[in-house]
Amino acid sequence: MILRVLPVRVATKKVYCSYLLDGTTYTHTFTLPTTIKDADDPRTQRLLNWLSIVHAPYLFSIEYVQTIQTDFPLTSAEKAFFEKLIFLGMAEFRYVNKLPITLRTSIEAPSEERPANPPDQAPRLEGCFLLNGGGKDGSASATVLGENNLDFTWFQLNTSVAQEEIVKASGEPVIVCKRYMDPRRKDGKYQGHRPTSAAIAVTAVLCAWLLNKRDVIASNESSANESNTTIDGVSINHQHSKSIEFEEDFSGLLREFGIPVRYFSLLRPLHELQIVQLAAKGPYLGHFTSCNHGYTEGVWCMECPKCAFIALAFSAVSSEAPGKIWPETPQPLALPALYAYLHELVSDDQHKPLECVGTDEECKLAAAMALKQGYRLPQNIIDSFTKAANSIDFQEVHGRLVNSLAAHNIPKDYQPVLADFERTFKNA
């Protein structure tokens, strides 16, 4: 089946991304935070086209599409970027829906051999957007930027209670882009994870370009680079569009077309336990919600793999933090609803949960650190954590994951942040 991406329509602040699939037209509507003054600018038009393509996979719930045709021209670099993003970013979707894991989607478009040269004069870009998902990672980035007197504006796609809590706690301004997805996509036969972080990244860069912001800052950790499992040679990474691979691919595409907005992750040098240390001491403790089931209402379900990992990580680095996050459950590791997920996180018997959780080593190190805190835990959890702790060299793993920094693409003008990381972790 072919999914046709129709020309993007713009009306003041409204953007309409429309698609034709099996004779039916579907439309995703965006309300931008500003009016598009020059929709004919080649860079603006390019970003609008990308916005439409990156949201096409949300219609794969109706039928897994093997060919996407666009009514607008694309270069070979653009086609290669989106084909790779869909192949790797939708790997989990194919896996959970029992589709062939090696199934590829090709992109067909009128050919544009080389990008049109952008105008010589570019607007002066300054300031940054910090992506707000309402969770611990964005709040950790906000803490670091605040401590280094670096101003930022929150950017978010739609609004949830979790996001509102973070903005309220920070006192910083916020820019919101509203997205209304065609509701008929939910009637399809398939369900599953899409590369949502990529969709947010493209949307944020478009808005940054329109509002003359220089940077779009994500809060993706080094752990996002690790896949959950590999099947038939295909890496299944729930966090592919949070990985450094995607970050570099997207940044390269922006440079290719002369779009001067920079996209990077401020937390890329850090491992999960380091981020948790920052979040545990920051002003947002008790305000963020890192649960995908409850973030819209700002609540924790406390019965999913992500809640289990967050409980494990914060319990590992601080005996006080869990009580501030979950005042009614100050020892979350003792919750029966989390037992199975805690075992899964630290066990070698199964692959990492298909969620935004730490690496295998991070989970085992967290288990060892939690044991050192001396919590009163059920015997089965103690046994599981002890086995995990005994499977690693604590000093060596702790040195790599807590007292060292990973590769990153943070620009040099954010040197105060990098120096802060060096002082906090490498010289600890």
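Biologist: Let's start with a helix. Which residues of α8 are buried?

Modeller: Keep in mind that this is a predicted model. In α8 the buried residues are E272, L273, Q274, I275, V276, L278 and A279. That makes 7 of the 10 residues in this helix, which runs over 272-281, so α8 is largely enclosed by the rest of the structure.

Biologist: And what covers the buried residues of α8?

Modeller: The cover includes α4 (136-147), α9, α12, α14 (394-402) and α15 (415-426). You can try the same reading on α11, where Y339, L342, E344, L345 and V346 are buried. There the cover includes α9, α12 and α13 (379-390).

Biologist: How do I read a nonpolar core? Which residues touch the most other members of the largest one?

Modeller: The general idea first: in soluble globular proteins, nonpolar side chains tend to be buried together. Here the largest nonpolar core has 67 residues, and W300, L312, F314 and F385 touch the most other members. Helix α9, residues 305-317, gives the largest share of this core, 9 residues. Apart from that core lies another one of 65 residues, including Y19, C207, L253 and L254.

Biologist: Can we zoom in on one member? What is F385 in contact with, leaving aside its neighbours within four places in sequence?

Modeller: F385 is in contact with L312, L333, L342, V346, A367, A370, L371 and L377. Two of those names, L342 and V346, came up already as buried residues of α11.

Biologist: Now a charged residue. Is K352 buried or exposed?

Modeller: K352 is buried, because its relative accessible area is 4%, and the cut-off for buried is under 20%. You'll find K352 in the loop between α11 (339-346) and α12 (360-372). Skipping neighbours within four places in sequence, K352 is in contact with S223, E226, S227, N228, V357, G358, T359 and D360. You can also check a distance between C-alpha atoms: those of K352 and F309 are 11 Å apart, with their positions 43 residues apart along the chain.

Biologist: What about D182, where is that one found?

Modeller: D182 sits in the loop between β9 (174-180) and α6 (196-210). With a relative accessible area of 5%, D182 is buried too. Not counting residues up to four places away in sequence, D182 touches T25, Y26, T27 and H28. Look closely at T27: its backbone nitrogen lies 3.0 Å from a polar atom of the D182 side chain.

Biologist: Let's try a strand residue. What is T153 in contact with, neighbours within four places aside?

Modeller: T153 belongs to strand β8, residues 153-157, and its contacts are C128, F129, L130, P173, V174, I175 and K213. T153 counts as buried because its relative accessibility is 11%.

Biologist: I keep hearing about phi. Which value does D22 have?

Modeller: As background, most residues other than glycine have a negative phi, and most peptide bonds are trans. D22 has a positive phi near 55 degrees, although D22 is not a glycine. The residue lies in the loop between β3 (14-21) and β4 (24-31). D22 is exposed, because its relative accessible area is 62%. N158 is another non-glycine residue with a positive phi, about 65 degrees. You'll see N158 in the loop between β8 and α5 (161-170), and N158 is partly exposed at 25%.

Biologist: Last feature: pockets. How much space lies in the second largest pocket?

Modeller: The general trick is that rolling a probe the size of a water molecule over the atoms shows where empty space is left. In the second largest pocket that space is about 240 Å³. There are 14 lining residues, and the closest to the pocket's centre are S251, R255, R262, Y263 and N409. The elements giving two or more residues to the lining are α7 (244-256) and β13 (262-265). The largest share, 5 residues, comes from α7.

Biologist: And how many lining residues of that pocket are nonpolar, polar and charged?

Modeller: The lining of the second largest pocket has 8 nonpolar, 2 polar and 4 charged residues.

How values were computed:
Residues numbered from 1 in each chain as written. Predicted model: local features only at pLDDT ≥ 70, side-chain atom pairs only at ≥ 80, totals over all residues. Heavy atoms only, no water. Helix = DSSP H or I, 4+ residues; strand = E, 2+ residues; numbered from the N terminus. Buried < 20%, exposed > 50% of the residue type's maximum accessible area, 1.4 Å probe, protein only. Contact = heavy atoms within 4.5 Å. Core = buried A, V, L, I, M, F, W, Y, C linked by side-chain atoms within 4.5 Å. Polar contact = N/O pair within 3.5 Å; in protein donor to acceptor, adjacent residues only side chain to side chain. 1 Å grid on protein atoms, 1.4 Å probe; cavity = no way out; pocket = protein on both sides within 12 Å on 5 of 7 lines; lining within 4 Å. Points joined across faces, edges and corners; volume = space filled by probe spheres on them. Nonpolar A, V, L, I, M, F, W, Y, C, P; charged D, E, K, R; others polar.
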